[in-house]
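User: I would like to go through this model step by step, with the reasoning behind each value set out in full.
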Amino acid sequence: MSPSALEPTAGSAPATGTGPGVAPQPMMTVRNVERHFEGMRAVDGVSIDILPGRITGLIGPNGAGKSTLLAVLAGTLPASGGTVTFDGTDITEWPAWRRARHGMIRTFQLPSEFAELTVLENLLVAAPNHRGESLRGALLGRRYWIADERREVARARELLARFSLSAKESEYAGSLSGGQKRLIEIMRALMLQPRLLLLDEPMSGVHPSIIGEIARYLEGLRDGGLTILIVEHELHMIERLCNPVIVMAQGKVIGQGSMIELRRQREIVDAYLVG
Amino acid sequence: MTYYLTTLGVYAGVDIIACLALNLQFGVSGIVNFSFIVFQAAGAYTAAVLALPPDSQNGGFQHYVFGAQLPFPIPWIAAAVVGGVLSVPVGLVVLRHLRVDYQAIAMLVLSVIANLVITNARPFLNGAAGLSLVPQPLSDRFNAYSPTYLWAYVAVTFVCCALVFFVSQRIVKSPYGRTLRAMREHELAVTALGKNPVVLKMTIFVVGGVIAGLSGAILVGFITIWAPSTWLYPETLILFAAVIVGGRGNNWGALFGAALVPVGFEEATRYLPQFGPPGLVPALQWVAIGLLIIGFLWFRPKGVLPEKPGRFAAATPVVGARLTKEPGVS
């Protein structure tokens, strides 16, 4: 299916960041991306576009290659072939940390909190361009970096208030619940003021009451103009949040469009959307 | 008695410096540097050959390179520099691509190889016999065997301890230290936040190498001998035990661990009555060190003085502090 098919025809989620009747330029363009493991093609010739200001869903059965594709896009796994372009720049060979500095932040399938750091420290680690974050800055002492620190602490506390976790700021991140750890990951990513957020199953293992909260936060972020690619198995959340939705199976993209469109395609229903 | 006490004082100071360096690498950053003793040895050898006269002197009974006979403090400074410079190739090979457990194995192997090479390459650093008659700092101006000199040496050692502690505290308490701790917890997540883990690991590895080199210089300047038998790989394990027992990630813990394990524990067991076949008691000392590590990892993994979280001034209420509209919080 061509990437142009990503243009929504009917969707349950609003499309923001696009002018009326004007196709937006993709924020990220993925062409023929492959990732092999010992001859096994986990990602096999994937071509997709990520449009700005939307939440794009990536779904498929276990082993479809979704998380591997997300890791390749984030640079945490190198691609075996193909190209990834972000904002018109070919970033295929860039390491993950360079992509992150360019505004592309990912979260992980398993909680990746810094367990022995407090919640506030978890967020501060993500602060970009901090004067105290180099050996030189550290050796020059507190006076050299305290202004940056105060600014970032204020930003982190704003985020904690926004996500209703202010009361937890001094607790070790490792002591939080699964849902709270997911929120920390999202807040940590937001500290970097990303342009593209890559979320790998952010609702996995999370209590149903928190899932609704996470969904509301993501809607708020989208409405604020953030572009999000989300790998998720919670289909009702995908339906609520995402347009377009990309379906993968056996390393390939087998369909994309709105959930309403996808439900009409027999092969996709057979492959994944059972029932 | 003076010699015993001053020797104990210098060893304590050197162990404190070494434990602070290892704490930066292992405790704070998660780098399992099982070759730490190699960097201390590199510093000791450097200080020794730069302080010694050419090997043709003293009847030519030992063979070594340089023999520059440079005045204090040049050998100490050079030792620190060599410790840091040696860290660069080792770090680039070991820390860039290997997983943490393989890094540890590679470091251990490096320690064994380095010791074997120095032992067998006699013209380089006098092989297994090692270097002796290393001139003490400023021994041309003062009587190096007088109690005043010995106590002054202890004082200088503790000044170096204070300096290293100050630098270590600055690192640990800074945002840089915070990022190092985050890297220890989840390296991939730190990478995904735009931090270059290779740069982070290399810088702290080099800092540790510099401090290790300095500690070797201080020690060899006092004991005046240095041989491969003094820096076998198990010496590193004692330092690891000290950091684990004291509290990894906490400089005070490293300091406490250094005083407790390499100094207190080893000195206390030194006076155990000899029994059984020769070598049994020293072997039991090692068994005790091993049990100490296992015991602490099992029952008190954070050590006696656990790492402390960062402290921040309490938040002051700010009108309109929330970023944007708050998506319905239940």
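Analyst: The questions and answers below concern a predicted model.

User: How far apart are the centres of domain 1 and domain 2 of chain A?
Analyst: The domain assignment of chain A gives a domain 1 built from the segments 1-6, 24-113 and 195-275, and a domain 2 that covers 114-175. Taken over C-alpha atoms, the centres of domain 1 of chain A and domain 2 of chain A are separated by 29 Å.

User: Which element gives the largest share of the side of chain A that touches chain B?
Analyst: The contact draws 47 residues from chain A and 39 residues from chain B. Among the elements of chain A that give two or more residues to this side are helix H3 (119-125), helix H5 (142-162) and helix H7 (208-223). By character, the residues of the side of chain A that touches chain B divide into 22 nonpolar, twelve polar and 13 charged. The largest share of that side, seven residues, comes from H5(A).

User: Where does the largest nonpolar core lie with respect to domain 1 and domain 2 of chain A?
Analyst: The largest nonpolar core has 176 residues, and those that touch the most other members include A:Leu198, B:Ile17 and B:Leu214. Because domain 1 and domain 2 of chain A both give residues to this core, its place is between them.

User: What distance separates the end C-alpha atoms of helix H9 of chain B, and what span should its residues give?
Analyst: Helix H9 of chain B runs over residues 197-223, and 22 of its 27 residues are buried, so that by the cut-off of 20 or more other C-beta atoms within 10 Å the helix is mostly covered. Just after H9(B), B:Thr224 takes a positive phi of about 65°. At 1.5 Å a residue, the 27 residues of the helix should span 39 Å, which agrees with the distance between its end C-alpha atoms, 39 Å.

User: Is B:Phe165 buried or partly exposed?
Analyst: B:Phe165 has its place in helix H6 (residues 147-172) of chain B, and, leaving aside neighbours within four places in sequence, B:Phe165 is in contact with B:Leu20, B:Asn251 and B:Leu255. A residue counts as buried if 20 or more other C-beta atoms lie within 10 Å of its own, and as exposed if 12 or fewer do. Because B:Phe165 has 18 other C-beta atoms within 10 Å, B:Phe165 is partly exposed.

User: How far apart in space are B:Phe165 and B:Leu98?
Analyst: In sequence, B:Phe165 and B:Leu98 are 67 residues apart. In space, C-alpha to C-alpha, the separation of B:Phe165 and B:Leu98 is 30 Å.

Notes: Residues are numbered from 1 along each chain as its sequence is written. Chains are lettered from A and ligands numbered from 1 in the order in which they are written. This is a predicted model: local features need pLDDT of at least 70, side-chain atom pairs count only at pLDDT 80 or more; totals for chains, interfaces and linings use all residues. Domain bounds come from an automatic or database domain assignment. Two residues are in contact if their C-beta atoms, placed from the backbone, lie within 7 Å. Helices (H or I, at least four residues) and strands (E, at least two) are DSSP runs, numbered from the N terminus. Ala, Val, Leu, Ile, Met, Phe, Trp, Tyr, Cys and Pro count as nonpolar, Asp, Glu, Lys and Arg as charged, and the others, Gly among them, as polar. A nonpolar core is a set of buried Ala, Val, Leu, Ile, Met, Phe, Trp, Tyr and Cys residues joined through C-beta atoms within 7 Å. The expected span of a helix is 1.5 Å times one less than its number of residues.
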